[in-house]
Amino acid sequence: MPRDTTHTPPSSAPAYREVAPAAPLRAGLTCAWTYQAPSRPAPDVLVIPDGCVDLIWTDDEVFIAGPDPVAQPASIAPGALLVAVRFAPGAAQAFLGMPLRNITGQRVALHDLWGSRTRRLTDALALDAAAPAERLRSLQHAIARQGPPVADPAMRALFGGLDHPEAMPSSLLAREFDISERTLRRRCQDAFGYGPKTLARILRLQRFLRAPAEQALLRRALDAGYGDASHLVRETRLLTGLAPGALLAGRHG
């Protein structure tokens with residue numbers, strides 16, 4: 001399933017494939033992916049926040065999946081084919097030409113953001129392409145025509161600094177970047193859709209989810225940067241509405 005999800009139905013499993021972006025786009029994209037929904041109706045999936053922004057093409061629509069502050073349910077039509085790219089940390093703001101705080105928690109048609117400018121991208125799409133790989137190549141070609149996205153080095157460094165079990169508090173990070181805490185918070189909201197404290201919580205959750213499945217729950221939590229089990233429970237409920245065990249069962253069950 002696109003992005004980071006749970007509650008994928010066990011039968012009629014969807015086909016999700018993630019690949020490295022095309023060479024000209026690797027400075028500004030984390031990955032490219034395709035998702036073929038099962039032909040039968042399926043339950044909603046729960047999209048887990050990950051600090052990312054995706055540009056997604058489905059049927060004749062191109063839309064932006066903005067940065068989620070909390071988990072969101074998503075419905076996908078039976079048989080739908082989605083092809084998408086995921087922006088590297090700090091790259092989406094400049095490519096879209098707007099602060100990401102404007103689309104936090106939203107799914108927005110690209111035309112609603114760009115207006116007539118959207119045609120330069122959509123006119124380059126091979127709308128008659130049927131194979132997922134062919135459609136993905138077409139999407140990446142269309143993005144490259146816009147000018148390849150490039151990550152802001154400072155915001156990429158901020159993302160990396162927060163994605164650590166012993167991440168520095170905002171006051172020290174601001175000192176590292178030689179800016180005020182208020183400016184750091186504003187720049188983080190513009191680049192990622194939320195402030196550094198929320199982004200740090202989301203990245204900590206993602207570290208927990210990426211840990212080896214065979215690890216004990218508490219070990220996973222401590223390695224990710226949680227202080228103790230109760231800290232883990234509070235945070236997972238805050239961000240996903242689920243207890244840690246239920247969250248992991250939905251992902252791996």
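**Exercise 1. Work out whether Arg86 is buried or exposed, and find its partner.**

Step 1. Arg86 has 7% relative accessibility, so Arg86 counts as buried; here buried means under 20% relative accessible area, exposed over 50%, and partly exposed in between, with a 1.4 Å probe and protein chains only. Do keep in mind that this is a predicted model, where local features need pLDDT of at least 70, side-chain atom pairs count only at pLDDT 80 or more, and totals for chains, interfaces and linings use all residues. Residues are numbered from 1 along each chain as its sequence is written, and side-chain values use heavy atoms, with hydrogens and water left out.

Step 2. Arg86 forms a salt bridge with Glu18, and the closest N and O atoms are 3.8 Å apart. The term salt bridge stands for a side-chain nitrogen of Lys or Arg within 4 Å of a carboxyl oxygen of Asp or Glu. This pair links distant parts of the chain, 68 residues apart: Glu18 sits in strand E2 (residues 15–19) and Arg86 in strand E8 (residues 81–87). Helices (H or I, at least four residues) and strands (E, at least two) are DSSP runs, numbered from the N terminus.

Step 3. Glu18 is partly exposed, at 47% relative accessibility. A network of salt bridges links Glu18, Arg86 and Asp54.

**Exercise 2. Look at two other salt bridges: which residues do Arg201 and Asp223 pair with?**

Step 1. Arg201 pairs with Glu235, with 3.5 Å between the closest N and O atoms. Arg201 lies in helix H8 (residues 196–210) and Glu235 in helix H10 (residues 229–240), 34 residues apart, and the pair links distant parts of the chain. Arg201 is partly exposed at 29%, whereas Glu235 is buried at 8%.

Step 2. Asp223 pairs with Arg219, with 3.0 Å between the closest N and O atoms. Both belong to helix H9 (residues 217–224), and because they are four residues apart, about one helical turn separates them. Asp223 is partly exposed at 39%, and Arg219 is partly exposed at 42%.

Step 3. The structure holds eleven salt bridges.

**Exercise 3. Trace the open sheet and find what packs on it.**

Step 1. Six strands form the sheet in the order E2-E3-E8-E5-E6-E9, with antiparallel pairing; two strands pair if DSSP finds at least two bridges between them. E2 and strand E9 (107–109) are the edge strands, each pairing on one side only.

Step 2. Strand E6 (residues 61–65) is joined to E9 by three bridges. Ala65 has Arg107 as its bridge partner in E9.

Step 3. Helix H4 (residues 132–146) has 15 residues. Among its buried residues are Arg135, Leu136 and Leu139. Just after H4, Gly147 takes a positive phi of about 105°.

**Exercise 4. Find the residues with the most contacts inside the largest nonpolar core.**

Step 1. A nonpolar core is a set of buried Ala, Val, Leu, Ile, Met, Phe, Trp, Tyr and Cys residues joined through side-chain atoms within 4.5 Å. The largest has 29 residues, and those with the most contacts inside it are Leu158, Phe192, Leu199, Leu205 and Phe208.

Step 2. H8 gives the most to this core, with seven residues.

Step 3. Leaving aside neighbours within four places in sequence, Leu199 is in contact (heavy atoms within 4.5 Å) with Gly51, Phe159, Leu162, Cys188, Phe192 and Tyr194. Apart from this core lies another, of 28 residues, among them Val53, Ala124, Leu125 and Leu139.

Terms used
The expected span of a helix is 1.5 Å times one less than its number of residues. Axes are lines fitted to C-alpha atoms, for helices over the stretch in contact, and angles run from 0 to 180 degrees between N-to-C directions.
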